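Please look through the model below with its charged side chains and its nonpolar interior in mind. The paragraphs that follow take these two topics in turn.

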Amino acid sequence: MGKITKFGDEGEEVTMKETPTSHQPEAQDDVSMADAGEDGEEGDEEYEEGDGTKVRLLPGSTPTAASFEFLDENHTLGNALRYVIMKNPDVEFCAYAIPHPSEAKMNVRIQTYEGTTAVEALRKGLRDIQDLCDVVSEKFLEARKDFTDKKAAASA
């Protein structure tokens, strides 16, 4: 993830650190968001190329009901993220949409019950998808090793 940029009344920007997959040498336990200060940007501000922004919290969001815009994502992440987030008992509603096929953008809407925020639900959903991908990768690698071992034993 690059950073989540929130444009609201306060104009605050929130960053999300890069979360490497388990196959990369660095390891981070959690996706963290930190307040990067105020810079007075407006809600209709476009992404600037090369600024690392991948997810943006759209204007009009509240702590328990928020819309996020993802750059360069499509149905593959959208449907998986919607499914995983809806499994969270603290989430009341989650949906995604591709606003237009010619734009590389995906919007996700999350509404939560009191006690958790939409940003927390998004973080948990992304972590859960990463954990699921790690398990699938491990199982695949184990099955491939078993297959090659059996193939080698059969030909010996």
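Is Arg-56 buried or exposed? In this predicted model, Arg-56 has a relative accessible area of 8%, and because the cut-off for a buried residue is under 20%, Arg-56 counts as buried. Its charged side chain has a partner, since Arg-56 forms a salt bridge with Glu-69, in which the closest N and O atoms are 3.3 Å apart. This pair links distant parts of the chain, with Arg-56 in strand 4 (residues 53-57) and Glu-69 in strand 5 (residues 65-71), 13 residues apart. Glu-69 is likewise buried, at 8% relative accessibility, so that the salt bridge between strand 4 and strand 5 joins a buried Arg-56 to a buried Glu-69.

The count of salt bridges in the model comes to 4, and two of them can be followed along helix 2, which spans residues 118-155. One is formed by Asp-128 and Lys-124, whose closest N and O atoms are 2.9 Å apart; these residues are separated by about one helical turn, because they stand 4 residues apart in helix 2. Asp-128 is partly exposed, with a relative accessible area of 27%, and Lys-124 is partly exposed as well, at 34%. Further along in residue number, the side chains of Lys-145 and Asp-149 meet in a salt bridge with an N to O distance of 3.0 Å, and here too the partners lie in helix 2, 4 residues or about one turn apart. Lys-145 has a relative accessible area of 52% and is exposed, whereas Asp-149, at 38%, is partly exposed.

From the charged pairs we can turn to the nonpolar interior. The largest nonpolar core holds 20 residues, of which Phe-68, Phe-70, Leu-81, Ile-85, Val-108, Ile-110 and Leu-122 touch the most other members. At least two residues of this core come from each of strand 4, strand 5, helix 1 (75-86), strand 6 (91-97), strand 7 (105-112) and helix 2, and helix 2 gives the most, with 6 residues. Strand 4 and strand 5 thus appear in both parts of this account, as contributors to the core and as the elements that hold Arg-56 and Glu-69.

Which residues is Val-108 in contact with, leaving aside its neighbours within four places in sequence? They are Ala-66, Ser-67, Phe-68, Phe-70, Leu-81, Cys-94, Ala-95 and Tyr-96. Among these contacts, Phe-68, Phe-70 and Leu-81 are also listed, together with Val-108 itself, as residues that touch the most other members of the core.

Methods. Residues are numbered from 1 along each chain as its sequence is written. This is a predicted model: local features need pLDDT of at least 70, side-chain atom pairs count only at pLDDT 80 or more; totals for chains, interfaces and linings use all residues. Side-chain values use heavy atoms; hydrogens and water are left out. Buried means under 20% relative accessible area, exposed over 50%, partly exposed in between (1.4 Å probe, protein chains only). A nonpolar core is a set of buried Ala, Val, Leu, Ile, Met, Phe, Trp, Tyr and Cys residues joined through side-chain atoms within 4.5 Å. Contact means heavy atoms within 4.5 Å.
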